[in-house]
Each structure stands twice: as C-alpha cells, then as structure tokens.
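Let's take a walk through this chain together, from its overall layout down to a handful of individual residues. Have the model open so that you can follow along.

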Amino acid sequence: MKDRPSVVVVAQSLVNDRLQLLVAPVTHSPPIRADEAIEIPSKVKRHLGLDSERSWIVTSELNRFIWPGPDIRLITNKGGLTPLYGAIPEKLFAEVKERFLAKAKLGKIGIIKRTE
C-alpha cells in the first residue's frame, strides 16, 4: 500500500465522538485539466519533508474519513511520531479553498468515503 499525504480541508463533524475530516488528496500525477489540481511548490514540499518529485493537491475530489483512522501513517517529524507533516502556507491554502468553493457551487466535487 502506498502512503499518500493529504491536505486537511475541513474538520466536518463528530461521528460517535470522533472527528470526521474532508481531505484533499496529494498526488504525483499531473492533472488532466489545470483546474483539477494545484501544484505544490518545491519549497513547500521541502518544508513539509515530502519527496522532491512534482506533486499536486487535487481540487476535484475530497476523501472523507474518521480521524484517526486505520489509513493514517505516522511519520517522524520535529522529534516525534505524528500523522501531521505540517501546515501549508496560508496563500496556498487560500488558493485550494477558493478552488473547492468554486467547484462546490457548480456541484463538481466528488467525495470519496475512505476506510473507517
């Protein structure tokens, strides 16, 4: 199984006293359409400790799951084990958010339920 980082877009709700998240997947695959993903700048990837390959935040679908879930992988980050790589810059997050809101208004976001 391949580990896949993601960007937490919204902590949606509590389900049985556990937090449900909507996350934007991160992929190495370039988008077919430019409006379906935003490239992560190499400086941001280095800051987060991701690999050096080009990566995109997918803005055409969200994954929904209960946090923490069985698909969460821990990494060593800043001296300890954590599922969090860190925060993306505000400007990049604002761009991701704006893209999702525009697509949501058009009903063009797929939500995929992941392992719970």
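Helices (H or I, at least four residues) and strands (E, at least two) are taken here as DSSP runs, numbered from the N terminus. By that reckoning the chain holds two helices and eight strands. Read along the sequence, they follow the order β-β-β-α-β-β-β-β-α-β. The radius of gyration of the chain is 14 Å, close to the 13 Å that the globule rule gives for 116 residues, so the chain is as compact as a globular protein of that length. That radius is taken over C-alpha atoms, and the globule rule is 2.2 Å times the number of residues to the power 0.38.

Two notes before going further. This is a predicted model, in which local features need pLDDT of at least 70 and side-chain atom pairs count only at pLDDT 80 or more, while totals for chains, interfaces and linings use all residues. Residues are numbered from 1 along each chain as its sequence is written, and side-chain values use heavy atoms, with hydrogens and water left out.

Now for the overall dimensions. Along its principal axes, the C-alpha trace of the chain spans about 40 × 35 × 30 Å. The accessible surface comes to about 7900 Å², an area from the Shrake-Rupley method with a 1.4 Å probe, where for residues only the protein chains shown count as cover. Carbon and sulfur atoms account for 54% of that surface. Buried residues make up 28% of the 116 residues; buried means under 20% relative accessible area, exposed over 50%, and partly exposed in between (1.4 Å probe, protein chains only). Contact means heavy atoms within 4.5 Å. Among contacts between residues at least 6 apart in sequence, 63% join residues at least 24 apart.

A good place to look inside is strand E2 (18-27). Seven of the 10 residues of E2 are buried, so this strand is largely enclosed by the rest of the structure. Its pairings are worth tracing, and two strands pair if DSSP finds at least two bridges between them. E2 is joined to strand E5 (residues 61-67) by five bridges, and the two run antiparallel. Along this pairing, leucine 19 stands opposite tryptophan 67 in E5, and valine 23 has asparagine 63 in E5 as its bridge partner. E2 also runs antiparallel to strand E4 (residues 56-58), with two bridges between them; there, valine 26 stands opposite isoleucine 57 in E4.

From E5 you can step onward to strand E8 (residues 110-113), which runs parallel to E5 and is joined to it by four bridges. Asparagine 63 stands opposite isoleucine 112 in E8, and you have already met asparagine 63 as the partner of valine 23.

Which residues does alanine 24 touch? Alanine 24 is found in strand E2 and, at 0% relative accessibility, counts as buried. Not counting residues up to four places away in sequence, alanine 24 touches Ser6, Val7, Val9, Ile57, Val58, Glu61, Leu62 and Phe100. Alanine 37 is 13 residues from alanine 24 in sequence and 9.6 Å from it in space, C-alpha to C-alpha.

Next, follow the chain to glutamate 36, in the loop between E2 and strand E3 (37-39). Glutamate 36 is partly exposed, with 25% relative accessibility. Leaving aside neighbours within four places in sequence, its contacts include Ile57, Val58, Arg99 and Lys103. Arginine 99 sits in helix H2 (residues 90-105) and is partly exposed too, at 22% relative accessibility. Beyond its neighbours within four places in sequence, arginine 99 is in contact with Ala34, Asp35, Glu36, Ala37, Ile38 and Thr59.

Finally, turn to two loop residues. Is aspartate 17 buried or exposed? Aspartate 17 lies in the loop between strand E1 (6-15) and strand E2, and is exposed, with a relative accessible area of 73%. Its phi is near 65°, a positive value in a residue other than glycine. Lysine 78, in the loop between strand E6 (75-77) and strand E7 (80-82), counts as exposed at 70% relative accessibility. The C-alpha atoms of lysine 78 and alanine 24 are separated by 23 Å, with their places 54 residues apart along the chain.
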